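Q: I have a structure open and would like to go through a few spots in it. Can we start with one charged residue and work outwards?

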Amino acid sequence: MESLYYVMSWLCHRTCSHCYDDRFRPYHGSERERQIAEAERNAPRILANLPARLTYRDWNDGLREKSGRIILAGGEILLSPLRERVLYPALKQIGARYEGRAKVIIQTTGDTLKPELIDELLGLGVWMISVSGMDEFHEGLDIDALRARLTSWFDSFGMRPGEAASPGPGPYYHFFGAVPGSWIGKLWPRGRALTNELSTADLSENFCNRWSGGVIFLAHGHSGSEVSIDPEGNVYPCCPKTRLALGNLVGESLESILRRHEGNPVYEAISMGHPERMGIAHGWTVDRFLEESQIRLPSGRIYRNLCIGCDRFHEQVLAPQLVQLAR
């Protein structure tokens, strides 16, 4: 794979209004411990079921083999004791498994970072620290001051500004956020972003055909391929997540899960970036899919996006089939 986006825990220190999943939030007491213990229990098994070689062949560079990347995220993965019990052991496991040939990216909101944590992360082989909170939705943060402070710290450790596709050994740092003009600017129609009616993406916005959408996810081993993994080990073709998972990494390898879906018209349509065609083999025409791609928001306003049609197809067609197969 070119990229694996692994959400290690739902635990976060914020409840942002624009978040794409309601499960990203603060947890307290026994529920907080349950979240951490689940991540601690699942992470070693999930990592063990990733490909033995995390590489891909680049279509744009003569199929030259290159190192893939693992993005470790939350929530906020740098919260203690999540950092000590889950993240650091995972970094050691990744380092031992891939011997430095996988690019490891830590994604953080940034306000939990400290110089000593940067030092520890780089010492554990982190290739890039990616700061995701650079937008107006993170209330209580002076974004300009945070960026300046973090840049000063990063520079002091010899880090350079970069992107996920940057060449070389790193270490790099990167800033992004939900701002107009960026790939995440229009917000996925998911979670609190949808409930709070913050997404401006209409039917013309095909998230499936963009990076972190489902496009090319089945082309594992080649450039453009990425899947998303949640704390339970569930695998999805996109970061917004389809209503049903492709499989679970706690008990099955990623390669086995992806091969099982090769040739399936539903997932081939997603992988081609044409979600509107996923139901054709099941009697859902493109027109039917587009009709289903709308909901009524709490305000009464009608909202339309292809992700909504994908949800309805999974709920109405695929979920009942799975129940039938389980009988």
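Q: Is Lys103 buried or exposed, and what is the nearest side chain of opposite charge?
A: Lys103 is buried, meaning under 20% relative accessible area (over 50% is exposed, in between is partly exposed; 1.4 Å probe, protein chains only). The nearest side chain of opposite charge is Glu2, 8.2 Å away, and Lys103 has no salt bridge. A salt bridge is a side-chain nitrogen of Lys or Arg within 4 Å of a carboxyl oxygen of Asp or Glu. Lys and Arg count as positive, Asp and Glu as negative, and His and the chain ends are not counted.

Q: What sort of model is this?
A: The model is predicted: local features need pLDDT of at least 70, side-chain atom pairs count only at pLDDT 80 or more, and totals for chains, interfaces and linings use all residues. Residues are numbered from 1 along each chain as its sequence is written, and side-chain values use heavy atoms, with hydrogens and water left out.

Q: Back to Lys103: which backbone oxygen does the side chain reach?
A: That of Ser166, at 3.4 Å.

Q: And where is Lys103 placed?
A: In strand 5, residues 103-108. Strands (E, at least two residues) and helices (H or I, at least four) are DSSP runs, numbered from the N terminus.

Q: New topic. How many residues has the largest nonpolar core?
A: It has 90 residues, and Leu72, Leu87, Leu121 and Phe154 have the most contacts inside it. A nonpolar core is a set of buried Ala, Val, Leu, Ile, Met, Phe, Trp, Tyr and Cys residues joined through side-chain atoms within 4.5 Å. Helix 2 (residues 82-98) gives the largest share of this core, eight residues.

Q: What does Leu87 touch?
A: Not counting residues up to four places away in sequence, Leu87 touches Met8, Leu72, Ile77, Leu78, Leu82, Ile106 and Leu121. Contact means heavy atoms within 4.5 Å.

Q: How many aromatic pairs are there?
A: The structure holds 11. Rings of Phe, Tyr and Trp (its six-membered ring) pair if their centres lie within 6.5 Å; planes under 30 degrees apart are stacked, over 60 edge-to-face, and the rest tilted.

Q: Why is the pair of Phe154 and Phe175 called tilted?
A: Because the planes are at 45 degrees; the ring centres are 6.2 Å apart. Phe154 is in helix 4 (residues 143-156) and Phe175 in strand 8 (residues 172-175), so the pair ties together parts 21 residues apart in sequence.

Terms used
A polar contact is a pair of N or O atoms within 3.5 Å; within protein, one must be able to donate a hydrogen and the other to accept it, and residues adjacent in sequence count only if both atoms are side-chain atoms.
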